[in-house]
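Work through the exercises below with the structure open. Try each task before you read its solution.

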Amino acid sequence: MKINEGRSSIQTARAQNDLIFALDIGTRSIIGLVGAVRDEKLQVLAIEKEEHSRRAMIDGQIEDIEQVAKVARHVKERLESKLGCTLSKVCVAAAGRALKTQKAFCELEFDKPQHVDEEIIGRLEAGALEKAEEAFAEEMDQSGKQFFLVGYTVIQYLLDNYPISDLRDHQGNRVSADVIATFLPSEVVESLYTTMAKIDLEVASLTLEPIAAINAAIPVNIRLLNLALVDIGAGTSDIAISKDGSIVGYTMATVAGDEITEALMKNYLVDFQTAEQMKMDIQSREEIEFTDILGLPHTVSNEEVRSCIGDAFKSLCKEIAEKILAVNGGAPSAVFLAGGGSKLADMRECMAKYLEMDENRVAIAGNNFSTNACSEEYDLNNPEYATPLGIAVSAGLNMINDSCHVMLNGKRSKLFRSGSLTVLDILMMNGYRSQDLLARSGRNTVIQLDGKRKVYHGTPGEPSKLQVNGADVKVSYVVHAGDQIHFVPALDGEDAKVALADVVEPGYESRTSVNGRMVPLDTILKTGDVVITGKDGQKEEKQQEEETVSSSDADYVSAAKEPPRQEPPKPVQAEKPKHQQRVQPSQVYKFTLNGESLLLVQKADNSPYFLMDLLEYSDIDMEKPDGVVQLRVNGRESSFQQELKSGDKVDIFLQKMDSTGEEEN
């Protein structure tokens, strides 16, 4: 690429905000790649790579989040420096360790010929996914492990029982789809998201490493053939199979390049980094020099090192071959080897032997990368680029199935599927807290004014707004593929702010004291302040009846919660505040909250009370709860959305957790 052309491409992509940033987080290294789609191809603009300084990942799984985040940040910053921009979104792929798959079939039938659009295809694929999840849940019910649906591929579409590669814009009476869904343990996916969040990156797309690699190495136009793609990394070997135009299966083997490295470590008493260097030297040097952990220098022949790793090498090839044969039901027509492990000497010959194939049918991947990607600056014909290129190509050329996505406030939500999900599940997965659902009134200011208790109320909060596809719903609403969620968090009310000037009647300013001291009239009063104005004529009312200052009947709540005074009431003089006289018995809800009586007046809009309405009376700091909030109504566990009726017994309390995260007795 000419310098001016390269700069122009980068500037154009930045201006249009269409840069695609892919991170391949491997066991041995992290590769970052940035590109932009031009003329239905990914134009690669920048590539950076950095190895882990220590073993922060095992078999493709993040073990040390901080260390992996540190290396990923270095790669990100170097790319940003090279491109002159800030990268905020990233496309990633999850490793296949503990990968499990489930096939499923779904069919839709219409009364008359129907035009097949995106909505119908989405319903069809979502239906197949739901069946896959149900079948998978039954199979894994006894494992006790939580799995997430992280990806799927369509094996085949049928239109009126006729196989077809793309249903879009066709017409028919019946459509169906076979899918293969992929599930990974929750910790595999969550550690990936956590690592990205630590370096201020939002995950824009998530796919599987074998799907990404095959999208780079085996273009759609040759998938009619029965082909296998093996991405041999340091910790895992990911395998994908194509046949009849589709990806029909994928799996992984927990053997890869590390097996060779560990064999060298044990035989020659060297550390991991030295063994890694020896493994690379096998391909280019006749004699290999190294220093063992005792500090002794050695020089050994290439032939001797090959003999040392022979058993581990054969075991690696044999296990990969067995996985291919099991998924494919026999040897494929051809095999493409990708990843750093594919560069090991004699890998092609050994794989062909265990698959009982001609050596010429086993090739190093890279020749087909040019089908979907291009670059004048970088040589993309490198098997190590299979996964990072595949991640970027999959996202940029819309090869990732989107039918199970859910939009939250106009953006694709972070979505870990594991059976049915509620709106609350989606909100919690995407950074919202239970406090965002609840509007808290501002704190009251309670003072003593000439012997009387006065309550100045904070403003009421604004409740949260929650809609799915334009209709108001509760947080318990079960979401479906393609749903559009609109959520506006609740806003807390403002605390009461009362100045001394607000409570003093004209003419008494000079004689008014606060807590026994003369203070300026603009002094803001605090709860517990005692204000004396010198109005001696009011002393006969020192029975300290409660008086609230508000224009709303809801203020009756504060009065109702205070225990009655023990002084005998005055027969005539002690009239109730006028606003309390307007409250009729039928307008009062009587609850028992944590063993104490609580009276609430009917809401202005006549709507019922919900459990969340009582949180502000529970004395729990919902912003920093010291434990897990437990909710019960009449002795039964309940949710925030539980509707209450007068007479209900409500318990809201904190369950403390010990240092291990278990509930304390």
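**Exercise 1: a proline in a loop**

At 28% relative accessibility, P489 is classed as partly exposed. The model is a predicted one.

Task: Find where P489 is located, and what P489 is in contact with beyond its neighbours within four places in sequence.

Solution.
- Step 1. Locate the residue. P489 sits in the loop between β26 (484-488) and β27 (513-514).
- Step 2. Check the class. Buried means under 20% and exposed means over 50%. The value for P489 is 28%, so P489 counts as partly exposed.
- Step 3. List the partners. Leaving aside neighbours within four places in sequence, P489 is in contact with Y432, D436 and S464.
- Step 4. Set sequence against space. A439 and P489 are 50 residues apart in sequence, and their C-alpha atoms are 8.6 Å apart.

**Exercise 2: one helix from end to end**

Task: Describe the span of α2, its two ends and its buried residues.

Solution.
- Step 1. Take the span. Helix α2 covers residues 65-83, 19 residues in total. From first C-alpha to last, α2 reaches 27 Å, close to the 27 Å expected at 1.5 Å a residue.
- Step 2. Look at the start. A side-chain oxygen of D64 comes to within 3.3 Å of the backbone nitrogen of E66.
- Step 3. Look just past the end. There G84 has a positive phi of about 70 degrees.
- Step 4. Mark the buried residues. In α2 they are Q67, V68, A69, V71, A72, V75, K76, L79, E80 and L83.
- Step 5. Recall the geometry. An α-helix has 3.6 residues a turn, so residues three or four places apart point the same way.

**Exercise 3: two helices packed together**

Task: At what angle do α5 and α11 pack, and which residues make the contact?

Solution.
- Step 1. Read the geometry. Helix α5 (residues 209-217) and helix α11 (residues 386-396) pack at about 85 degrees, with axes 7 Å apart.
- Step 2. Classify the angle. Angles of 65 to 115 degrees count as roughly perpendicular. Therefore α5 is roughly perpendicular to α11.
- Step 3. Name the contact residues. From α5 come E209, A212, A213, N215 and A216. From α11 come A386, T387, L389, G390, I391, V393 and S394.
- Step 4. Sort them by class. The contact has seven nonpolar, four polar and one charged residues.
- Step 5. Ask how enclosed α11 is. In α11, 10 of the 11 residues are buried, so α11 is largely enclosed by the rest of the structure.
- Step 6. Look just after α11. N398 takes a positive phi of about 55 degrees.

Conventions
Residues numbered from 1 in each chain as written. Predicted model: local features only at pLDDT ≥ 70, side-chain atom pairs only at ≥ 80, totals over all residues. Heavy atoms only, no water. Expected span 1.5 Å × (residues − 1). Buried < 20%, exposed > 50% of the residue type's maximum accessible area, 1.4 Å probe, protein only. Polar contact = N/O pair within 3.5 Å; in protein donor to acceptor, adjacent residues only side chain to side chain. Axes fitted to C-alpha atoms, helices over the stretch in contact; angles between N-to-C directions. Parallel < 35°, antiparallel > 145°, perpendicular 65-115°, else oblique. Contact = heavy atoms within 4.5 Å. Nonpolar A, V, L, I, M, F, W, Y, C, P; charged D, E, K, R; others polar.
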